[in-house]
Amino acid sequence: MRRLALPAIFATLAASCSKDPPPPVGSPVTPSSAAAGPAAHAATSGSPSPAGARGSAGATGVVGAAAGWVPARPPTPPGLPKDSNVILLSIDSLRADMPWNGYPRPIAPRLTDLEKRAVTFTHAYSVSSYTSMSLGGLLAGRLPSELIRSGWFFGTYKNDLFFPKLLQQNAIRTMGVMAHMYFKTAGFDYGFDDWRLVPGITFDPNTDRDITSPAHEKVSEEMLGDPANDSRRFFFWAHFLDPHDLYQRHDGIDWGPNPRDRYDGEVQFTDQYVGKLLDFIAARSWAARTVIIVTADHGEEFGEHGMTRHGFEVWETLVHVPLMIIAPGAKPRHVEPMRSGIDLAPTILELFGLSSEPSFEGKSLVGEVYGAPDEERDVIVDLPTTSDSGRRRALLHQNEKLICADNDNACRVYDLTADPGEKAPYIHGSAYVDMKARYDAVAETIKEVAPYACGADCLNTAYRTKKDEAQ
Ligand SMILES: [Zn+2]
């Protein structure tokens, strides 16, 4: 009985990455500013522990630099070259259900082949559920609620420590090429020596009409093919965008007319160019000392919860994403415990032999890449309030997922083993109480920062839509 009534705050949404209406219910939320809390909100444990207690075993990281903190450089794992490079290939809107996970359509043969050589994190989560918040969190190694951000849906970041800056300070060449005009002003270029946009792209806040993978691959070859890379260390990031809606058709690819059919075609099209880039990389002199990471900034909905596209909610369809790491000397395997995109900043630093930064909240995955025993950890997914949407957060603990809306007044727990589609929440009973207590203990440590541009009269009001209508 208790599972029947879902409040309107959980009503399904016709969501997109930009212009669709905000959640229908939920008062505007002004994030509390700088709520002080204990030091390590990302420090969670998957090992059984009293409700609300953050176990010390399996802690994922430490937040907040203590005075006099002196980082110790991590030992280089056996097999990892001391002069390694890192290439991050992220693919927008790439869901977790891909051929290497049993999806029946062979829509990604190159990535499927790559996965066979990878350490795959089968339960990886994006930091948030749409590009702006997810990639801000990935770069900062922190939850987006804690970042200095504008508050607009297309958030702009200022003055946050993004991990590429630390690479740059250590004489590692940093390069990025992006396929959406948003990346021109987002602030994500902080710490990059060479930051480019794919030529010829347009800007449509409602969707993505451009087909960019061919040019994206070409520019990537130009940047990676610089002969100077033969004798220096570098970090390179390309964020492929074609699986983002609109789902365009491509010659020779036809899975059908429906949105998922056309999305699959976009994934297949992108896979061809990722494969072309992988071939180019394999032919370089530095290939044998280069780590390749493949992941996504979020997933995509096709009506599973009555919404389409992404953002606005934190359903599994939106935040369970692929994550694979191909590293020299690392044996392929699957790591089953949950991990987060927030783990990539410390991971990439360690791959370069650098210590993690005290503000980073994730935990390096390098040990597990090189065969260390994995451990259970909890994961937080954080979707801050923006001009167009209310706050959503999820705590994932073992097989359970708690989702809280807005001011955490409306929370639900889902058993992802018995209910992978997140259709039957429960809000009573000891399992709920334990998960809520666990979440509350973590949430109070999140040092939330109020957006600097979109304030109380703007947040969660679909401000941009209203402004557009007034014009
Ligand atoms: Zn995205």
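**Burial and overall make-up**

I looked up burial first: of the 471 residues of the protein chain, 50% count as buried. The model is a predicted one. I noted 10 helices and 15 strands in the protein chain. I then took the contacts with a separation of 6 or more, and 69% of them join residues 24 or more positions apart.

**Nonpolar core**

I looked up the largest nonpolar core and found 109 residues in it. Ile325 and Ile348 have the most contacts inside this core. H5 gives the largest share of the core, with 7 residues. As background, I note that nonpolar side chains tend to be buried together in soluble globular proteins.

I followed Ile325 further. Setting aside residues up to four places away in sequence, Ile325 touches Ala118, Val119, Val291, Ile293, Leu365 and Val369.

**Helix H7**

Ile348 led me to H7, where Ile348 is one of the buried residues. H7 covers residues 344-351, and 8 of its 8 residues are buried. I listed the rest of the buried set as Leu344, Ala345, Pro346, Thr347, Leu349, Glu350 and Leu351.

What do the buried residues of H7 pack against? I found three strands and three helices by name: strands E1 (85-91), E5 (234-240) and E6 (290-296), and helices H2 (131-140), H3 (163-169) and H8 (366-369). Just after H7, I noted a positive phi of about 75° at Gly353.

**Helix H5 and its partners**

I looked up two helix pairs that involve H5. Two packed helices are described by the angle between their axes and the distance between the axes.

For H4 (residues 213-224) and H5 (residues 259-282), the axes come within 9 Å and cross at roughly 15°. An angle under 35 degrees counts as roughly parallel, and H4 and H5 are therefore roughly parallel to each other. The crossing of H4 and H5 is right-handed. On the H4 side I recorded Ser213, Pro214, His216, Glu217, Ser220, Glu221 and Leu224 in the contact. On the H5 side I recorded Phe269, Thr270, Tyr273, Lys276, Leu277, Phe280 and Ile281. By class, the residues of the contact of H4 with H5 are 7 nonpolar, 4 polar and 3 charged.

For H1 (residues 109-116) and H5, the axes come within 7 Å and cross at roughly 50°. H1 and H5 are therefore oblique to each other. Pro109, Arg110, Leu111 and Leu114 of H1 make this contact with Asp271, Val274, Gly275 and Leu278 of H5. I sorted the contact of H1 with H5 by class into 5 nonpolar, 1 polar and 2 charged residues.

**Backbone exceptions**

I went through the backbone next. Most residues other than glycine have a negative phi, and most peptide bonds are trans.

Where does Ser93 lie? I placed Ser93 in the loop between E1 and H1. Phi of Ser93 is positive, near 65°. I counted Ser93 as buried because 29 other C-beta atoms lie within 10 Å.

Phi of Phe312 is also positive, near 70°. I placed Phe312 in the loop between strand E8 (308-309) and helix H6 (316-319). Phe312 has 27 C-beta neighbours inside 10 Å and so counts as buried.

One cis peptide bond went into the notes: the bond from Asp245 to Leu246, with omega near 0°. Leu246 is in the loop between E5 and H5.

**Gly299 and Glu301**

I found Gly299 in the loop between E6 and strand E7 (301-302). Is Gly299 buried or exposed? Gly299 counts as buried, because it has 24 C-beta neighbours inside 10 Å; the cut-off for burial is 20 or more. The C-alpha atoms of Gly299 and Tyr130 are separated by 8.3 Å, although the two residues are 169 residues apart along the chain. Beyond residues up to four places away in sequence, Gly299 touches Ser93, Arg95, Ala96, His310, Thr317, Leu318, Val319, His320 and Val321.

Glu301 is in strand E7. I counted Glu301 as buried because 28 other C-beta atoms lie within 10 Å. Glu301 and Pro259 are 9.9 Å apart in space, C-alpha to C-alpha, and 42 residues apart in sequence. With neighbours within four places in sequence left aside, Glu301 is in contact with Met307, Thr308, Arg309, His310, Trp315, Thr317 and Leu318.

Technical notes
Residues numbered from 1 in each chain as written. Predicted model: local features only at pLDDT ≥ 70, side-chain atom pairs only at ≥ 80, totals over all residues. Axes fitted to C-alpha atoms, helices over the stretch in contact; angles between N-to-C directions. Helix = DSSP H or I, 4+ residues; strand = E, 2+ residues; numbered from the N terminus. Parallel < 35°, antiparallel > 145°, perpendicular 65-115°, else oblique. Left-handed = near helix turned anticlockwise from the far one by under 90°. Contact = placed C-beta atoms within 7 Å. Nonpolar A, V, L, I, M, F, W, Y, C, P; charged D, E, K, R; others polar. Core = buried A, V, L, I, M, F, W, Y, C linked by C-beta atoms within 7 Å. Buried ≥ 20, exposed ≤ 12 C-beta atoms within 10 Å, placed from the backbone.
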